[in-house]
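Open the model in your viewer and keep the selection panel at hand. The stops below say what to select and what to look for there.

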Amino acid sequence: MQVPFNTEARSMSLQEARSLYFDRGEVPEALLDRNVLRSWERCRQAGLDPAFKGTRDPDMRAVTEARERNRTLLSHAQPVLEHLFEQIRNSHSMVILADAQGMLIQSYGDPDFLSRAEQVALRPGASWNEFDRGTNAVGTALAERNAVNVFGSEHFFESNAFLTCSAAPILDAQGRLIGALDISSDYRAYQRHSLGLVKMSSRIIEKRIFEAEFAHQGLLSFHSRPDHVGSLCEALLAIGPDGDLLGADQAALDLLGMRREDLPRRHYTMLFDVPLGTLVDRARRDPSSLIAINGRNGERFYGRLRGNLTALATSGPVLLDARGERVGKAPKVENVRPTARPGLTLKSLSTGDERLQAAIDKATRVLGRDIPILIQGESGAGKEMFAKAFHNSGPRGQGPFVALNCAAIPETLIESELFGYSGGAFTGARKEGAVGKIQQAHGGTLFLDEIGDMPLSLQARLLRVLQERCVTPLGTNKSIPVDITLVCATHRRLKEEVARGGFREDLYYRLNGLCINLPSLRERSDIGSLIDKLLREEAGPDRNVTVSSRVMDAFLNYRWPGNIRQLGNVIKVGIALLDDDEDVIETWHLPDDVFEEIGALASSSPVTPEPVTARVAETMACAEAVPTGAAAFGRLEEIERDMIQRTLEAENGNISAAARRLGISRNTLYRKLGRF
Ligand SMILES: Nc1ncnc2c1ncn2[C@@H]1O[C@H](COP(=O)(O)OP(=O)(O)OP(=O)(O)O)[C@@H](O)[C@H]1O
């Protein structure tokens, strides 16, 4: 329970303090608030006389100019001031807004008190800084940059001893002092809660100014107590498109243990362990939800991002110096761009197969959740395609998608490709150094294909990057913060690799937030729709190409060792070999190797193929003079050439028809023609 404030007792102890200080020259530390005592010292040093009674008339021109100069402050403070006055109305009081010099620029008050305040020029146009009016709440709050109560005879000038005032300074978004908010009343009407009210109101004004200044940036509200986020106690950080810290209010500086002057050299990633992209993703999905974020010193905070999320989602990499101070942006990386295939999303991959659909559904659920995914499947099953679709479908779809195939580059180069290097870091290194793939993927997705082929030594380094979310390029001791979504793929069973000792278990669990197993093409139930899709994509919108029922049948029964990659190629070749007047892919439009296998399948399929013997006989009939006996065997090639020429003549040069009649693929026919 609060002890009631006894105005009489306090007035008496202040008389004693004044007598000690002014008459005997002693410092009444036990009797005075420190802010007040320091103020008395300043006033005495400035040569002010406590008995001074004079007041200068308020300068109305000066107040007009001050209001003009402090337009921003006034516009944000005005509604707060009015609201504050509503809280204290009829308590013989007034509320006052002063600028940074102590000039009163706005006030509202109860009429009875206003007329008394007039007598000491407590009204707009008057200056109440300490040098003009001695110790007083407005002047002392400005001098101390602290909220203060100045009660009765704590006022340096005796003429102001009938007042009791509570004031709090107001800081702008850069932490500069821009004014003070005050409640003044007769000392006998002292209200203990006045100081709390002005502090709260000045905080509201500061927040309004901060939010207006950074309205086009990202705003992170955070606090160590979740219930404080969204309240006046929350801390505020303004974050620019590159993750730069553009502003921080005092609460943020206090919670993060930072000095304001450190701000320009800091980057979001240096403060928190949760990637900025994750906050952006969360804010997009559920703007009101809180996310737990750890400070770099291990403190637990809760935060919420708002403001301009689009700009934040595409932030680029930054460079830090050896001490971890921000020194600039990493060079622009040429080959980093959003993924090429327009319209490629998880949804667009769906062509009716149940297992694939289950994989799409799972992946869709984790979009934007900072969960690494591991895609397993046979070569050519569409792992990279799936990764790109995942990237495009997420909130970072506009960010870079950077792929590295760990099996396709020599072990010795994986490290520099991944981590980057400084100029001259090793023999053969480029003079200007290179930005590694991890850093290139900042703000987007890093796709590590064939992760199972990553050398063990690098697995440890990769693990560290994933844990610390910082990368250290070769030849430097710079730690560069990175914010990436990681997608890995492998055709191996990674778990088995772990059991064999070829893959680190800790890294396996780190990568394997969500495991997606893509079915091989022969396991899929949607081959027909997939073929239609590939035909449409390859032939373009103006051509309606189909496959014959014989080819379709064979396709459905083929084992497709190369999966969709192979199917895609087969279709590409098939379309390329169609004549202008053809739009149905037949067996002879297929590449040789596939033709052979598919030809066999086609001949055993329910669709009865043309008997080969009949075709040959027909062809033979075309050849009018066919040599016989030993000479014939010696001149097989000649016979073949002759037969082809005659067949072509018979078909008026139509390659497809000749190939069909000869029972060979068009490819083979072309090859043979080239040889002759
Ligand atoms: N759903 C699909 N629709 C159309 N084309 C596809 C689809 N999935 C894969 N492809 C095509 O198949 C080829 C192989 O796909 P992708 O590279 O994604 O397979 P992968 O499993 O990553 O192969 P690897 O393991 O050999 O790297 C690519 O040319 C890709 O464009």
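Begin with a pair of helices that are roughly perpendicular to each other, α2 and α7. This is a predicted model, and the residue numbers used in the selections count from 1 along each chain. Select residues 34–45 for α2 and residues 137–144 for α7; the two axes come within 10 Å and cross at roughly 95°. The angle falls in the range from 65 to 115 degrees that counts as roughly perpendicular, which is why α2 and α7 are described that way. To see the contact, show N35, S39 and R42 on the α2 side, and T140, A143 and E144 on the α7 side. The residues of this contact of α2 with α7 comprise 1 nonpolar, 3 polar and 2 charged.

**The antiparallel sheet**

Next, select the open sheet whose 5 strands run in the order β2-β1-β5-β4-β3, with antiparallel pairing. Its edges are β2 (104–109) and β3 (148–151), each of which pairs on one side only. On average, neighbouring strands here are turned by 15° against each other, direction ignored. Now restrict the view to β3 and β4, the latter being residues 163–171; they pair in the antiparallel sense over 4 bridges. Label N149 and look for its bridge partner in β4, which is S166.

Add residues 111–119, helix α5, which packs on the sheet. Helix α5 touches β1 (93–99), β2 and β5 (177–186), and its direction makes about 50° with that of β1.

**Helices α4 and α8**

Select residues 71–88 for α4 and residues 194–213 for α8. How do these two helices run relative to each other? Their axes cross at roughly 150° and come within 9 Å, and α4 and α8 are therefore roughly antiparallel to each other. The crossing in which α4 passes α8 is right-handed.

For the contact itself, show these two sets:

- From α4: T72, H76, A77, V80, L84 and Q87.
- From α8: L197, S201, I204, I205, R208, I209 and A212.

Coloured by class, the residues of the contact of α4 with α8 separate into 8 nonpolar, 4 polar and 1 charged.

**The parallel sheet**

Move on to a second open sheet, made of 5 strands with parallel pairing, in the order β14-β17-β20-β13-β21. The edge strands to pick out are β14 (401–405) and β21 (514–517), and each pairs on one side only. From one strand to the next, the twist averages 20°.

Within this sheet, select residues 373–376, strand β13, and residues 485–490, strand β20. These two strands pair in the parallel sense over 4 bridges. Which residue of β20 stands opposite I375? A489 does.

Then bring in helix α14, residues 383–393. Helix α14 lies across β13, β14, β17 (445–449), β20 and β21, and runs at about 165° to β20.

**The ligand**

Keep α14 displayed and centre on the ligand. How many residues surround the ligand? There are 16, and the closest are S379, G382, K383, E384 and M385. Two elements, α14 and α22 (563–576), give two or more residues to this shell. By class, the shell around the ligand holds 6 nonpolar, 6 polar and 4 charged residues.

**Helices α20 and α22**

Finish by following α22 away from the ligand to another helix. Select residues 527–539, helix α20, which packs with α22 at an angle of about 50°, the axes being 10 Å apart. That angle makes α20 oblique to α22. As in any such view, check the sense of the crossing: α20 passes α22 in a right-handed one.

Show I531, L534, L535, E538 and A539 of α20 together with L567, G568, I571, K572 and I575 of α22; these residues make the contact. The residues of the contact of α20 with α22 fall into 7 nonpolar, 1 polar and 2 charged.

Conventions: Predicted model: local features only at pLDDT ≥ 70, side-chain atom pairs only at ≥ 80, totals over all residues. Axes fitted to C-alpha atoms, helices over the stretch in contact; angles between N-to-C directions. Parallel < 35°, antiparallel > 145°, perpendicular 65-115°, else oblique. Left-handed = near helix turned anticlockwise from the far one by under 90°. Contact = placed C-beta atoms within 7 Å. Nonpolar A, V, L, I, M, F, W, Y, C, P; charged D, E, K, R; others polar. Pairing = 2+ DSSP bridges. Near = placed C-beta within 6 Å.
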